[in-house]
Amino acid sequence: MNIDSATAITQARYQRISSIYDRIEGMMEKRFRPWREKTWQFVYGPRVLEVGVGTGKNIEFWPRNIRVTAIDITPGMLEIACQRARWSGRQDDDLFLADIQHLNLPSRIFNTVVATFVFCSVPDPIQGLREIGRVVRSDGHILLLEHVRIDHPVIGPLMDMLTPLIARFNGASINRRTVENVRAAGLRVDQVLDLDKMGMFKLIMARPLV
Ligand SMILES: C[S@@+](CC[C@H](N)C(=O)[O-])C[C@H]1O[C@@H](n2cnc3c(N)ncnc32)[C@H](O)[C@@H]1O
């Protein structure tokens, strides 16, 4: 896998925290779990791609009768996901290292593409979303569970200010405008569900433009 220098920095950040990632996220996970479950309720196959599988927190929600392809750029994160997949009896699913910005897969093969909390860390999110638009079938759909920049006169700029610090620690930019990025990538936004009162966490449902 060839990656550019910005992607190598992201990879190194996640590699560094991979063994403690689940503990770092432990408190937040209580909040995230129902949102994960909700996201996976919209998934249909037969072919599903999970982008940025991380340590495999979604594996428990992978539909039983569907074979999932799951990718991540960070070896340490993927290794934990592979362990989780084995413990969960998901040996037949395909988990491998890959960069969503340059995916070595044929076009129009997936019925659903899912990513949870990934597009805060992909260095070129629009390029990554374009690749998703390429590999999803024209009758397929895209589900993104993401945190985004809040358009509030105080909180928004505060998020901009904190982003470099947080990104250095855990690889995530907390000020991404992911709904806008989805449109900029040439995808059609079908629906955006606000999951919290502040509008920071969203489930974005999109489709390729056909
Ligand atoms: C915040 S973690 C989220 C992990 C998981 N999706 C979850 O919900 O817990 C972001 C993940 O995206 C991966 N990632 C970042 N950039 C990527 C890229 N260009 N291609 C594939 N995965 C990427 C990171 O390695 C990391 O595992």
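**View 1. Who sits around the ligand in this predicted model.** Of the 21 residues around the ligand (each with a heavy atom within 4 Å of it), Arg36, Gly52, Asp72, Thr74 and Thr116 come nearest. By class, this shell splits into 10 nonpolar, 7 polar and 4 charged residues; here Ala, Val, Leu, Ile, Met, Phe, Trp, Tyr, Cys and Pro count as nonpolar, Asp, Glu, Lys and Arg as charged, and the others, Gly among them, as polar. Residues are numbered from 1 along each chain as its sequence is written. Local features need pLDDT of at least 70, side-chain atom pairs count only at pLDDT 80 or more, while totals for chains, interfaces and linings use all residues, and side-chain values use heavy atoms, with hydrogens and water left out.

**View 2. Polar atoms next to the ligand.** Look at Arg36: a polar atom of its side chain lies 2.7 Å from a ligand oxygen. Gly52 joins in through its backbone, with a polar atom 2.7 Å from a ligand nitrogen. For Thr116, a side-chain N or O atom is 2.6 Å from an oxygen of the ligand. On its own the ligand has 590 Å² of accessible area (Shrake-Rupley method, 1.4 Å probe), and the protein covers 98% of that.

**View 3. The pocket that holds the ligand.** The ligand takes up the space of the largest pocket, which has about 700 Å³ in it. Among its 41 lining residues, Tyr14, Tyr21, Phe117, Cys120 and Ser121 lie nearest the centre. The elements giving two or more residues to this lining are α1 (5–17), α2 (21–24), α3 (26–41), β1 (47–51), β2 (67–72) and α6 (155–170). A pocket here is an open set of points on a 1 Å grid over the protein atoms alone, where a 1.4 Å probe fits, with protein on both sides within 12 Å along at least five of seven lines; lining residues have an atom within 4 Å of a point.

How values were computed. Polar contact = N/O pair within 3.5 Å; in protein donor to acceptor, adjacent residues only side chain to side chain. Sits in = over half its atoms within 2 Å of the grid points. Points joined across faces, edges and corners; volume = space filled by probe spheres on them. Helix = DSSP H or I, 4+ residues; strand = E, 2+ residues; numbered from the N terminus.
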